[in-house]
Amino acid sequence: MIVSRLVPALLAALLLAPACDRGKEQTPEEAAAKLADDLDKAAAQLRNNQLGNAEKIYLHILEAAPDNVDALGGIAMVRMEEKNYSDAEILLRKAIAGKPGDAKLHASLGETLQLTDKHAEAAQAYGKAFELAADNSNYGLAHGRELRKSGKLADAEAVLREVAELDPKAQFVFTELGDSLREQKKLDESLKTYMTAQNTYGSDKMAYAGAALVYEAQGDNRHALDQWSMYIRMDCCSEFSKTVAQKKIETLEVTPGGTPPAKDDDAAG
């Protein structure tokens with residue numbers, strides 16, 4: 001009998017408890033702190049490549065706040081890791097609309113567009129990022145590279161010179177500048193720039209490939225062979241090495257009027 005009398009009371013208590021909890025709303029400060037904590041947790045999951053966990057947190061945030069820029073940008077990064085670049089682009093454009101002064105969002109959009117070969121649009125996005133963060137040589141380098149890939153060689157040259165002046169130690173800046181000069185047929189200047197790249201970053205193998213292409217264009221087979229050989233020493237087995245560098249060496253070695261590869265102590269600088 002005692003148990004039977006307690007059951008209705010327990011049921012009533014259980015029914016009333018959620019109602020009481022629902023009535024206890026978070027203060028704006030508490031809500032902001034909870035949001036910041038959730039975003040931190042999602043970012044940590046993303047860094048650890050726990051894409052599913054990150055996605056759940058970001059989607060939960062977006063359910064309550066569909067225009068939250070940080071969550072939109074975060075889930076865009078998830079989509080990029082999944083190679084779903086079309087959705088990533090949509091999400092990033094929406095995030096940028098809500099926070100147009102965020103250089104990182106523009107750079108992320110540039111990366112997404114670059115990965116889908118939309119080089120002109122990628123150049124524009126990276127250019128905006130570099131405009132907003134003018135001290136970030138990485139954004140400037142990406143801007144120049146995408147300008148070059150979209151065929152705007154003179155513009156690429158101007159941006160890359162700016163980056164080289166801003167940060168002479170920025171890796172690949174002189175190689176990218178050399179590429180833009182070579183594609184404009186400024187061969188002597190291009191070669192000097194590739195040599196600067198080699199002296200600045202000896203591990204930059206594409207500086208050797210670029211110099212080899214200049215020597216070829218100048219008809220200097222011996223030094224072209226030296227440069228291609230140096231490239232292969234640094235990268236023996238990649239697809240580029242097998243399908244381009246090694247074939248270049250085979251061709252140059254049998255080219256009429258060509259010269260044999262130089263010895264190690266007689267290599268081009």
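**Helix 7, helix 8 and two residues**

Good morning. Helix 7 and helix 8 cross in a left-handed manner, meaning that the near helix is turned anticlockwise from the far one by less than a right angle, a clockwise turn being right-handed. Helices here are DSSP runs (H or I, at least four residues), numbered from the N terminus.

The model is predicted: local features need pLDDT of at least 70, side-chain atom pairs count only at pLDDT 80 or more, and totals for chains, interfaces and linings use all residues. Residues are numbered from 1 along each chain as its sequence is written, and side-chain values use heavy atoms, leaving out hydrogens and water.

Helix 7 covers residues 119–132 and helix 8 residues 137–149; they pack at about 155°, with axes 8 Å apart. The axes are lines fitted to C-alpha atoms over the stretch in contact, and angles run from 0 to 180 degrees between N-to-C directions. Helix 7 is therefore roughly antiparallel to helix 8 (an angle over 145 degrees).

Now to R148, which lies in helix 8. Is R148 buried or exposed? R148 is buried, because its relative accessible area is 14% (buried is under 20%, exposed over 50%, partly exposed in between, with a 1.4 Å probe and protein chains only). Beyond its neighbours within four places in sequence, R148 is in contact (heavy atoms within 4.5 Å) with residues including L153, A156 and E183.

Finally, L115 belongs to helix 6, residues 103–115. L115 is partly exposed, at 39% relative accessibility. L115 and Y85 are 30 residues apart in sequence, yet their C-alpha atoms are 7.7 Å apart in space.

Key: Parallel < 35°, antiparallel > 145°, perpendicular 65-115°, else oblique.
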